[in-house]
Structure formats: C-alpha cells, structure tokens
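User: Please take a close look at the pairing of oppositely charged side chains in this structure. Start with a single pair, then work outward to the surrounding architecture.

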Amino acid sequence: MPKLIIDNLEVTVPEGTNVLEAARKLDIVIPHFCYHKALGAVGSCRLCAMMFLEGPVSGVQMACMIPAQDGMVIATNDPEAVELREHVIEWAMTNHPHDCPVCDEGGECQLQEMTVAGGHAVRRYTGPKCTFTNQDLGPFVQQEMNRCITCYRCVRTYRDYCGGEDYGVFGSRNRVFFGRVEEGPLESFFAGNIIDACPTGVLTNKPFRFKSRSWDLQEAPSICPHCSLGCAVIPGGRYRELQRIRAGVNETTNGFFICDRGRFGYDHVNHPERPREPRIDGQPASMAETLAAVRTRVQDLVQKHGPAAVAFLGSSRASFEANALLREWATQVGSPHLVFEAHQGRDRAARVLAARLGEHARSLEDVRQSDLIVLCGADPLAEGPMLALAIRQAARNGAQVVVIDPRSVKLPCSATRLPLASGRLPEVLKALSQKDLSAFSRQERSVLDGLAAQLESARQPILIGAADLLAEAGVTALCAAATKLSTPERPVGAMVLLSGPNSYGGAMLTGAADDFDTVLDAIQEGRIHALVCLSSDPFREAMAPARAQAALGHLELLVTIDSTPTLAAQRADIFLPARASAEMAGSYVNNEGRMQAFLPVLNPGLPISQTGAGNHPPREFFLQTPGSEPEEDWLILAQLLESASDLATIRQRLASSDQRFTELPAIAPETPGIRMSGSGQLPPAPPSELPHCTPSDTLTLLAVSAPLGSHWLAHLSAPLAAQEPQPYVCLHPEQAKELGLNAGDRARLITHLGHCHVVVKIDEMMVSGQVMAPQLMNTALEGMLPGSVLDCRLEREVQV
C-alpha cells in the first residue's frame with residue numbers, strides 16, 4: 001500500500017487510489033468539478049492542481065489523474081498551484097449568471113463551495129456572456145444551461161455509467177451544450193442521477209423545484225422501499241411533506257446512484273387519500289381505544305373458536321422488527337397461520353431462497369466485479385433497476401452477459417439472448433448444472449453450449465433470477481445450479497430479485513408454515529374467523545384476487561395496520577394507521593440477506609400544502625398536529641403485545657431469541673449493513689396441480705411486472721403515476737402475423753378475468769407462443785398478478 005505525505009501529513013492508501021482521494025482521507029479538501037468516485041478521473045476541469053515536490057512525479061499536476069505512490073511529497077497550498085486554481089475557477093465562472101438567490105441548487109452547490117475554495121471572489125470579465133436556450137427534458141429534470149461550467153459529469157453519468165443514448169454534448173469551445181438532439185423526455189430509467197452528478201444548478205429536480213431550500217429540509221439516511229435490493233437513499237422533508245429523495249452512498253449495494261422509481265416514488269407518503277386516523281367499525285377512535293378493541297376482539301375469537309381461528313399476514317413492505325413482532329404475537333396467540341406474503345408464488349420462492357442461498361449470496365458490488373452474468377427469468381428494470389446498472393458496469397469491465405427469458409429484457413448493455421418459455425427456465429438451469437443439453441434444439445444449444453463453456457472458465461460467475469417467473473421450482477433449480485457448478489477455487493454466486501424491501505426477512509421469519517392459499521382455504525371452510533394484515537393487501541396481492549375477495553368476505557374480523565389506502569385498509573373492521581418508512585426508524589433485509597437500518601426524516605402529519613390549501617403560514621391552529629396519529633408499525637405491534645416499546649430493546653430481544661439475528665442490534669444507518677447468518681426453512685411441498693388442457697383457439701398469457709405501473713408505492717406517487725403506460729400486450733412478430741395484428745393496433749384481450757382493450761407491441765426478442773401483459777394498477781390489467789400464466793384470446797378491434 002503506497003505511503004505518501006500531503007501538506008506534512010502522512011497517509012497510507014490502497015493500491016490504485018488517486019492523490020485526490022488520498023487527500024480526502026486526510027480531510028484535505030481540494031477543489032474539483034469533473035472528478036466523481038463512481039465515474040473516475042478525466043482531468044478535464046483542471047481545478048485539482050497540486051504541487052508534487054518529491055517522488056516519481058514532479059511539478060504541478062492534476063491530483064485526480066495521478067495514482068498515489070510511495071515516496072510522494074505533495075503540497076496543496078503551493079503558490080503556483082493556488083494561482084492555477086484561481087485562474088481555472090475564474091475561467092469557469094466567466095459565463096455563469098450569478099443567479100444563486102433563485103437557483104434550486106443553492107446551499108448544496110459544489111460550484112459555490114469550490115469557487116470560494118479556489119480563491120475566486122471578484123469577477124473581472126465585463127464582456128457579453130454566452131447564453132443558451134433551455135430544453136424541456138421531461139417531467140423529472142429541469143435544465144438551466146446558462147449555469148454550465150462544462151465539467152462533463154452529466155454526460156459521463158448518463159451515457160457512460162447509465163447507458164443512456166438520448167443525451168449528449170454538442171458544440172465546441174465556449175459554445176458547448178449538453179442536452180438532446182431535440183427536446184423531449186429523457187428515456188433512461190436512471191435519468192435522475194444527472195441531478196445528483198451535476199455540481200451546479202444546470203440540472204435540478206423538477207418536481208422539487210421552488211419547494212424548499214436545501215438547508216430547510218429535514219434529512220436522514222434511509223433505505224429505498226421500492227424493490228428488494230436495499231439501495232441507500234436520503235429523503236428530505238419539510239412542512240410535514242416528503243419533498244424529494246436523493247441517492248445515498250452504499251458501495252456494497254447501489255454505489256452512488258439510484259433509479260428513477262426510487263428517486264421520484266416518494267409521494268405515497270403525502271397521498272391525499274392516505275388513512276391517518278384509527279377506526280373501529282368505520283368510526284374514528286383514539287389509538288388507545290383501537291388497540292384495546294383489537295386485543296379484546298382477537299381474544300374473544302380465540303376463546304370462542306380456538307387459537308387456529310386467527311391468521312396473521314405480514315408484508316415485505318413492513319419493517320423487519322414489525323414482522324418479527326407479528327410472529328411473536330402469532331406465537332403468543334398459539335396460531336399456526338403466519339404468512340409474510342399474500343402472493344403465494346412470491347412467498348414460496350422467497351422461502352426457498354432464504355433456505356438455500358447460503359454462501360452463494362452476492363451483492364450488487366459483487367455483480368459489478370463479475371466476469372459472467374447469467375440472467376434467467378429476471379427483468380432488472382422492472383424488478384430491481386439498480387441491478388441493470390450493476391450489470392452494465394460489469395459489461396464495461398469485460399463481463400459476458402447472457403439473458404434467458406421469454407420476454408424482451410431491456411438492459412443498458414449488450415447481451416447474448418435466448419428466448420425460452422417461462423415453464424422451461426427451471427429445465428435450462430438444471431441442464432446447465434448437469435451439463436446435459438440434449439433436450440434442447442440445435443438453435444438453443446448454439447447459445448447454451450457457449451454458456452456452458454463460459455461457466456467453466458469464468459472466475460466470478462453469478463446466476464441471477466427473479467421470484468415472479470422462476471417461482472419455487474426455478475429458485476430451487478437456480479440455487480442447486482450454483483452449488484453444482486461451484487468449486488472450492490471458483491464459487492458460483494446467486495442472486496434472486498424478490499418482491500419488496502423485506503421479502504427475505506419475512507421468509508426468514510416464516511418457518512415451515514403453509515402459504516396464503518391455504519389460509520384462504522381455511523377461511524372459506526370456516527376454520528379461520530379473523531385476519532390481521534400488516535402492511536399487506538390480500539384483496540390485490542393474492543394470486544387469485546377474485547377468490548381472495550370472496551373468501552375474505554367470510555371473516556368476522558379484519559384488522560389492518562398500514563400507511564397506504566389499500567383495499568384492506570378501506571374494508572377493515574379495525575384499522576390502525578402506521579408510519580411510512582421515511583417517518584420511522586427500523587430495518588429491512590434485502591434480497592441477499594443484508595440487514596440495513598434506516599432513520600426517520602419527519603413526523604407524520606397532513607402536509608401544510610393540504611391543510612392550508614397551499615397558503616403559508618396556516619390560517620387555522622390546532623392543539624394536535626393534523627394527521628399525526630400514525631405510529632411506527634413495530635410500536636403498534638409492541639403495544640398490542642404490551643411489551644417493551646423502544647427499538648433498541650426490541651432488537652436486543654429478537655437477537656437473543658434467534659441466533660440468526662444476533663447482529664441486529666449492531667446495525668447502524670449509513671453503513672453497508674450486516675448479512676444475516678443462518679438460513680430459513682423450506683415451505684411445505686406444494687399441492688399437486690390438476691392437469692390443464694389449453695383450448696386450441698387460445699394463447700398462453702404471461703403476466704409480468706412493468707418498470708412503472710406494477711408497484712403499489714410508486715403508483716401512489718404523483719410524479720410516477722403520470723408516466724404509467726396504457727394497457728398493452730407484447731408478442732413475437734410471427735405470433736402477431738398469425739393473428740393479423742400490427743404494432744400499434746388496438747386489440748381485445750380476453751381471459752377468465754374478463755376482457756379489456758390493449759395496444760399491441762411487437763418485439764422479435766419475445767419468445768414465440770406466449771403473450772406478455774404487465775400488471776398495471778387502476779387499469780383493466782390490474783388483476784394480472786406477476787407470475788400468473790393464463791389462457792387468453794387476442795382479437796383485433798374493428799375500427800368503426
């Protein structure tokens with residue numbers, strides 16, 4: 001490890017560290033614009049000049065471009081280096097409009113900080129400035145091009161790191177422009193990252209524009225609740241309103257960036273229909289009265305029908321602590337009915353993963369370092385977007401990427417593709433592990449033979465799947481393949497995308513209990529009379545929503561704890577309002593078993609923009625903050641159990657009661673988190689399926705997730721809801737030709753769920769023989785639960 005001296009301070013850094021990072025380690029701040037740890041160094045801004053006095057490099061050099069080496073002696077305050085930095089910052093500020101008072105970047109503007117650090121205070125240039133016409137870049141990013149200092153960070157983030165193709169740099173000299181060929185919405189699902197990357201106010205958050213100054217925001221480290229990857233985020237709120245999300249830094253998971261769903265999906269916290277007060281039989285009540293009513297009614301039903309008459313349904317949206325306390329309540333009652341996912345396919349897949357993943361678990365950082373990535377039944381942009389970005393970084397470093405999927409999986413990098421029907425995905429994983437590809441066609445073997453050879457030679461291969469398409473059998477096959485293909489010298493990694501931020505944690509808590517389908521059977525048979533739902537909506541989330549709605553109508557008691565306006569919250573006999581993740585402390589366990597802590601940003605309450613009809617200060621005054629009744633989900637459960645109600649004590653108790661959670665009290669925010677030890681239990685064997693005969697005049701429909709429209713919390717966020725697509729189906733060109741359909745045609749989709757009107761999309765990378773339809777909330781496709789396979793007919797609409 002190189003040892004060097006900077007400003008008379010000695011520092012030792014890892015091999016490959018540049019001098020700018022070495023100075024940071026000593027808390028020496030050197031002005032810079034173009035350098036970003038995730039993007040690397042290009043030396044274009046010329047602002048990080050240092051004087052190299054001794055060692056293999058001498059003279060004034062750009063610190064970001066020089067690797068730290070033994071024997072270096074460096075001065076940051078050398079007069080020659082200081083003078084160069086003063087000139088560079090003066091050049092950069094020549095055309096800047098000096099509009100800090102009205103700039104949304106004010107208070108967190110790197111240009112402000114570096115201008116002061118660079119010694120520039122008085123503008124000597126009095127000539128005309130170069131000005132530009134701004135482009136409309138869509139609903140998320142606001143452009144003010146006159147503030148640009150041409151650091152190139154935005155284009156390096158958008159094109160190089162994120163793989164976007166519709167944003168670039170144009171012009172030369174002092175006429176350089178960053179934008180699109182023609183104005184219009186940015187197409188990348190990671191476009192919001194250029195907001196964080198831009199060191200000035202050129203690119204700012206459009207939904208957040210003119211809402212608050214950065215120094216007025218309440219902020220805290222948190223974890224994104226929109227998928228199972230556990231990305232670090234920093235929510236910001238003011239006036240009881242969550243106003244923005246920016247990327248946190250966790251180099252083990254998301255690195256420095258996040259997806260647009262995570263960035264702009266915050267508005268569910270402010271949703272005007274969010275239930276904020278406790279209710280008993282539809283009537284408002286105090287929290288104390290509601291808690292007492294839950295205890296009394298549950299106890300009465302247990303005494304009348306026995307402990308098995310009460311079922312408990314947790315959720316991947318609830319904190320790990322709340323789910324653990326729900327398990328404790330089920331144990332206290334004596335109920336055997338404890339499930340943590342209403343979607344039984346996702347539930348069983350998560351439990352298999354928790355039981356079998358073990359030492360094959362891999363993080364997003366491991367994916368970025370991999371040299372062979374096999375995606376089997378996973379669509380990262382829809383099911384875990386930052387995985388797509390991690391795969392791109394691996395591909396940029398030379399990794400091979402292979403996609404085996406019935407869908408046309410979009411990735412921000414090139415990949416070898418093999419379209420296969422969803423039912424054959426476990427088969428291909430088993431064949432690769434057993435090195436027997438005889439069951440596949442010659443065309444399929446042309447891809448699989450090459451993949452088998454790559455799996456033999458790769459140093460860090462990773463198999464990646466997703467719970468929706470792989471289901472229980474596929475996840476079992478994926479984990480078995482990772483074990484079979486591993487050697488002591490070359491282990492094979494595995495990763496499975498799950499449905500929510502705490503799916504893995506719920507699977508670890510479930511044990512060998514039956515799935516929710518069994519619970520519905522018991523309700524219909526009159527053996528279960530009460531259901532407690534923790535941040536779960538079985539009316540929408542069960543794989544057969546119509547059956548679930550019919551069964552749940554037989555309940556004597558439905559208790560719901562939630563922070564969103566679900567059907568379960570609306571129909572509950574007793575409702576207890578919970579806080580959103582941005583309003584409480586807690587933890588999630590991501591899809592690799594990593595426990596991560598988050599902190600509250602603001603207390604719950606109706607935003608002043610709602611209570612004051614947009615006026616501030618408010619014209620009405622209350623003894624209690626309007627809408628402040630919601631409490632932490634784990635606190636509600638602790639009060640129902642009449643046990644310790646502080647988070648530290650709850651974590652300590654959980655750690656002492658289960659050795660797999662020993663590290664839970666040690667987790668802290670703004671750290672990489674700690675991976676769980678031990679494993680979960682496999683679910684009971686699934687019941688044998690009845691033989692299915694597909695009528696000759698029907699097609700096979702595969703229900704999947706879409707990047708937007710399929711995720712409940714994102715759907716409740718106004719900025720994202722406005723971008724959700726209209727109902728559509730996607731099919732192979734040959735299939736479309738047989739049906740007489742063309743791209744853009746309107747068609748009638750008919751299933752046992754009913755019929756709806758859809759737009760036809762055609763993609764040659766789709767597998768032939770299957771039709772794909774995404775679940776889209778509040779449309780006729782809402783009932784298309786991802787992972788479902790249905791018979792359907794597709795008829796072209798006749799234009800009248």
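Analyst: D745 is buried, with a relative accessible area of 14%. That falls below the 20% limit for a buried residue. The model is predicted. The D745 side chain meets that of R796 in a salt bridge, at 3.6 Å from N to O. R796 sits in strand β34 (residues 789–796), while D745 sits in the loop between α26 (733–739) and β31 (746–751), so the salt bridge ties together parts that are 51 residues apart in sequence. The two partners differ in burial: R796 is partly exposed at 47% relative accessibility, whereas D745 is buried at 14%. Their N to O distance of 3.6 Å satisfies the salt-bridge criterion, because that criterion asks for a nitrogen within 4 Å of a carboxyl oxygen.

In general, side chains of opposite charge can pair when their charged atoms come close. The whole structure holds 43 salt bridges. One of them joins E321 and R651, at 2.8 Å from N to O. This pair links distant parts of the chain: E321 is in helix α8 (residues 320–333), R651 is in helix α23 (residues 647–657), and 330 residues separate them. Both E321 and R651 are buried.

The pair D517 and R547 follows. Their side chains meet in a salt bridge at 2.3 Å, N to O. D517 belongs to helix α17 (residues 516–524) and R547 to helix α19 (residues 545–552), so this contact ties together parts 30 residues apart in sequence. D517 is partly exposed at 26% relative accessibility. R547 is also partly exposed, at 23%. Salt bridges also join up in a network, made of E108, E219, R244 and R246.

Next, the wider layout. The domain assignment of the protein chain gives domain 1 (3–93), domain 2 (128–270), domain 3 (352–498) and domain 4 (699–796). The C-alpha centres of domain 1 and domain 3 are 41 Å apart.

Now to the sheets. Strands of a sheet pair through backbone hydrogen bonds, either parallel or antiparallel. Five strands build an open sheet with mixed pairing, in the order β2-β1-β5-β3-β4. Its edges are β2 (9–12) and β4 (59–62), each of which pairs on one side only. On average, neighbouring strands of this sheet are turned by 35 degrees against each other, direction ignored. Within the order, β1 (residues 3–6) and β5 (residues 73–75) pair in the parallel sense over two bridges. I6 stands opposite I74 in β5. Helix α2 (residues 79–92) packs on the sheet, where α2 touches β3 (49–54) and β4. The direction of α2 makes about 165 degrees with that of β3.

Elsewhere, strand β24 (residues 557–562) is mostly covered, with six of its six residues buried. Its side chains point two ways: L557, V559 and I561 one way, and L558, T560 and D562 the other. All of them are buried. Strand β24 has parallel partners. Strand β23 (residues 530–534) runs parallel to β24, joined by five bridges. In that pairing, A530 stands opposite L557. Strand β25 (residues 574–577) also pairs with β24 in the parallel sense, over four bridges. There, I561 stands opposite L576 in β25.

Last, the cysteines. A search of the whole structure finds zero disulfides. The sulfur of C48 has its closest cysteine sulfur in C64, at 3.8 Å, which is too far for a bond. Seen from the other side, C64 is in no disulfide, and its nearest cysteine sulfur is that of C48. The distance rules out a bond because a disulfide needs the two sulfur atoms within 2.5 Å. Both cysteines are shielded: C48 is buried at 2% relative accessibility, and C64 is buried at 4%.

Back to the starting pair. The salt bridge of R796 and D745 brings together strand β34 and the loop between α26 and β31, with a partly exposed arginine and a buried aspartate.

Notes:
Residues numbered from 1 in each chain as written. Predicted model: local features only at pLDDT ≥ 70, side-chain atom pairs only at ≥ 80, totals over all residues. Heavy atoms only, no water. Buried < 20%, exposed > 50% of the residue type's maximum accessible area, 1.4 Å probe, protein only. Domains from an automatic or database assignment. Pairing = 2+ DSSP bridges. Axes fitted to C-alpha atoms, helices over the stretch in contact; angles between N-to-C directions. Contact = heavy atoms within 4.5 Å.
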